[in-house]
Amino acid sequence: MLPAGVRQWQDGGRLLQTGSGSVFVRSAPGTGAGPTVLLLHGFPSSSYDFRGVVDRLGGRAWLTLDFLGFGLSDKPRPHRYSLLEQADIVQDVVADAGVGPVALLAHDMGTSVATELLARDISGGLPFDLQRAVLTNGSVIIERASLRRSQKILRGPLGPLFARLTNKRGFIRG
């Protein structure tokens, strides 16, 4: 049973079949000029994180999705998930939406997918016009990241043990 807010978010979107599975997509047309804002969520979350953001876009067109394995999208098992596959799925979603230029806003894991999209853009292989990108709370260069103490522990030899000790309350607090 989904909470009422999530059900409402779900009712405003749809499932799109991709080569990897069905992904949840939500969008709104814009009333003004400017690129469509493409919102990519973080780990371990979903597009629902952006529910308060989209209301503040001032009539700008927007598009978001739940990555495969997250939120309201399929969670195929067994499946070998990859950031490259997630970037392919983003391309499918943008193509299906038929949007023009895109301004990308990515958070956390979404920044890793965004980095792949940027690399494709630089190499001339991105099939849509990516005009700008904003990357938040993510770092593909681990040496440049500002890790919390818990993240440092998770990356170390005690990581698997520490992960088992994490509970819902601690996760929400973090």
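Among contacts in the protein between residues at least 6 apart in sequence, what percentage join residues at least 24 apart? In this predicted model, the share is 71%.

**Figure 1. Overall fold of the predicted model.** The secondary structure comprises 7 helices and 6 strands, which follow one another along the sequence in the pattern α-β-β-β-α-β-α-β-α-β-α-α-α. The radius of gyration is 17 Å, close to the 16 Å that the globule rule gives for 174 residues, so the protein is as compact as a globular protein of that length. Along the principal axes, the C-alpha trace spans about 50 × 40 × 35 Å. Of the 174 residues, 33% count as buried, and the accessible surface comes to about 10600 Å², of which carbon and sulfur atoms contribute 53%.

**Figure 2. Close-up of helix 4 (residues 109–122) and the elements that cover its buried residues.** The 14 residues of this helix should span 20 Å at 1.5 Å a residue, and the end C-alpha atoms are indeed 20 Å apart, in agreement with that expectation. Met109, Gly110, Thr111, Val113, Ala114, Leu117 and Arg120 are buried in helix 4, and what covers the buried residues of the helix includes strand 3 (36–40), helix 3 (83–97), strand 5 (102–107) and strand 6 (130–136). An α-helix has 3.6 residues a turn, so residues three or four places apart point the same way.

**Figure 3. Backbone on either side of helix 4, with Asp108 and Gly124.** Asp108 lies in the loop between strand 5 and helix 4, and has a positive phi of about 55° although it is not a glycine. Most residues other than glycine have a negative phi. With a relative accessible area of 23%, Asp108 is partly exposed, because buried residues are those under 20%. Helix 4 is followed by Gly124, whose phi is also positive, near 85°.

**Figure 4. Cis peptide bonds preceding Pro44 and Pro78.** Phe43 and Pro44 are joined by a cis peptide bond with omega about 0°, and Pro44 lies in the loop between strand 3 and helix 2 (51–54). A cis peptide bond with omega about -10° joins Arg77 and Pro78, where Pro78 belongs to the loop between strand 4 (62–65) and helix 3. Most peptide bonds are trans.

**Figure 5. A nonpolar surface patch that includes Leu161.** Ile153, Leu158, Leu161 and Leu165 make up this patch, which covers about 400 Å². Leu161 is found in helix 6 (residues 159–165), and counts as partly exposed at 47% relative accessibility.

Note on methods. Residues are numbered from 1 along each chain as its sequence is written. This is a predicted model: local features need pLDDT of at least 70, side-chain atom pairs count only at pLDDT 80 or more; totals for chains, interfaces and linings use all residues. Side-chain values use heavy atoms; hydrogens and water are left out. Helices (H or I, at least four residues) and strands (E, at least two) are DSSP runs, numbered from the N terminus. The expected span of a helix is 1.5 Å times one less than its number of residues. Buried means under 20% relative accessible area, exposed over 50%, partly exposed in between (1.4 Å probe, protein chains only). Contact means heavy atoms within 4.5 Å. Patches are made of residues with over 30% relative accessible area and no salt bridge: like charges are joined within 9 Å, nonpolar side chains (Val, Leu, Ile, Met, Phe, Trp, Tyr) within 5 Å. Accessible areas come from the Shrake-Rupley method with a 1.4 Å probe; for residues, only the protein chains shown count as cover. A salt bridge is a side-chain nitrogen of Lys or Arg within 4 Å of a carboxyl oxygen of Asp or Glu. The radius of gyration is taken over C-alpha atoms; the globule rule is 2.2 Å times the number of residues to the power 0.38.
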